[in-house]
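Hi there,

Here is the structure I promised to hand over. Have a look at it first, and my notes on what turned up follow just below.

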Amino acid sequence: VRKLLSQSSSSSASACRNFDREQRQKLRMPERKKSDPQQELAQRRAQLDDLAKREREWSQKARQACQSAGNSASSDPSPPMPDAASREQPAPQPGESPDTKSREESAAAGAVARADAAREQQALIDELSEIQRELEKLAAASDAARRQTEDAAASMQQGLEALNRQQGQQAGHDGERAAEQIEQLASHLSAMQAQDFGKRLDQAQQSAQQLASRESALGNQLAEAAPDLNATANEPADLATRLE
């Protein structure tokens, strides 16, 4: 049969293909099993946990990428005063200084690292959008979950913009905030889809205790003599979303 089918111009090969096509049309395929919404939701929660982990790793990469660029820019000390022996030597020509070449190489490496980090962050943002679309299909995204997803996507976008401005600390802070928001979204979906009411009530109690602890810590930070308002600027909004 394999030899006949290999002869595309033969009448036997044509007859074999026609027979195969007819039999395939008559064949009754088994019905595709319907997907289990709970299982698919569990897969989305696992994707969210993995996404949060990679977003937290990205925040470290963003800091390092911008730090290398900052070091290359700040590692240009004022040239020392030439002594008598050095004054007798001819001045180096422009572009011949090893320090200049080293700074250029460091700046180029930093630019490559920032470009790689920017592409990685954009891929993570697109992945979060795809997970959100899948949750919409499962009808598992409540209004609160939808806002959590939008807040996480906004934090990721802010981190990307800070990276492009070479603000590594701000980019890292936004990345860590986005990772925490994604983790809260996964926890929220897990609690809402729990079958046992007692388990849902226990998770709500734990969330309330964590929220109270963070609210107390925020109050202590704001009560300091010189509170860091930049570090706590987004905390009230995050706590309000968590409370809802």
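Let me start with Q184, which is buried, with a relative accessible area of 11%. It counts as buried because that value falls under the 20% cut-off. Q184 sits in helix α7. Leaving aside residues up to four places away in sequence, Q184 touches Q148, R214 and R242.

R242 comes up again in the largest pocket, which holds about 480 Å³ of space. There are 19 residues lining this pocket, and those closest to its centre are H188, Q203, A204, S207 and R242. Four elements give two or more residues each to the lining: α6 (143-164), α7 (168-192), α8 (197-222) and α10 (235-243). Which helix gives the most to the lining? That is α8, with eight residues. By residue type, the lining of the largest pocket divides into nine polar, seven nonpolar and three charged residues.

Now for the chain as a whole. Please keep in mind that this is a predicted model. The chain has ten helices and zero strands, so if you follow the sequence you will read the pattern α-α-α-α-α-α-α-α-α-α. Of the 244 residues in the chain, 26% are buried. The chain exposes about 16,500 Å², and carbon and sulfur atoms supply 50% of that area. As for how the chain comes together, take the contacts between residues at least 6 apart in sequence: 77% of them join residues at least 24 apart.

A word on confidence before you dig in. The average pLDDT of the chain is 79, and 80% of the residues score at least 70. Where is confidence highest, and where is it lowest? Helix α6 has the highest confidence, at a mean of 91, whereas helix α4 (residues 84-88) has the lowest, at 47. Helix α6 is also one of the elements that line the largest pocket.

Two stretches have pLDDT under 50 throughout. One is residues 72-81, for which the model has five contacts beyond four places in sequence. The other is residues 84-89, for which the model has one such contact.

When you open the model, you could begin at Q184 in helix α7, go on to its contact R242, and from there look into the largest pocket, where R242 is among the residues closest to the centre.

Happy exploring, and write back whenever you like!

Best wishes

How values were computed:
Residues numbered from 1 in each chain as written. Predicted model: local features only at pLDDT ≥ 70, side-chain atom pairs only at ≥ 80, totals over all residues. Heavy atoms only, no water. 1 Å grid on protein atoms, 1.4 Å probe; cavity = no way out; pocket = protein on both sides within 12 Å on 5 of 7 lines; lining within 4 Å. Points joined across faces, edges and corners; volume = space filled by probe spheres on them. Nonpolar A, V, L, I, M, F, W, Y, C, P; charged D, E, K, R; others polar. Buried < 20%, exposed > 50% of the residue type's maximum accessible area, 1.4 Å probe, protein only. Contact = heavy atoms within 4.5 Å. Areas by Shrake-Rupley, 256 points an atom, 1.4 Å probe, with all protein chains shown as cover. pLDDT = per-residue confidence, 0-100.
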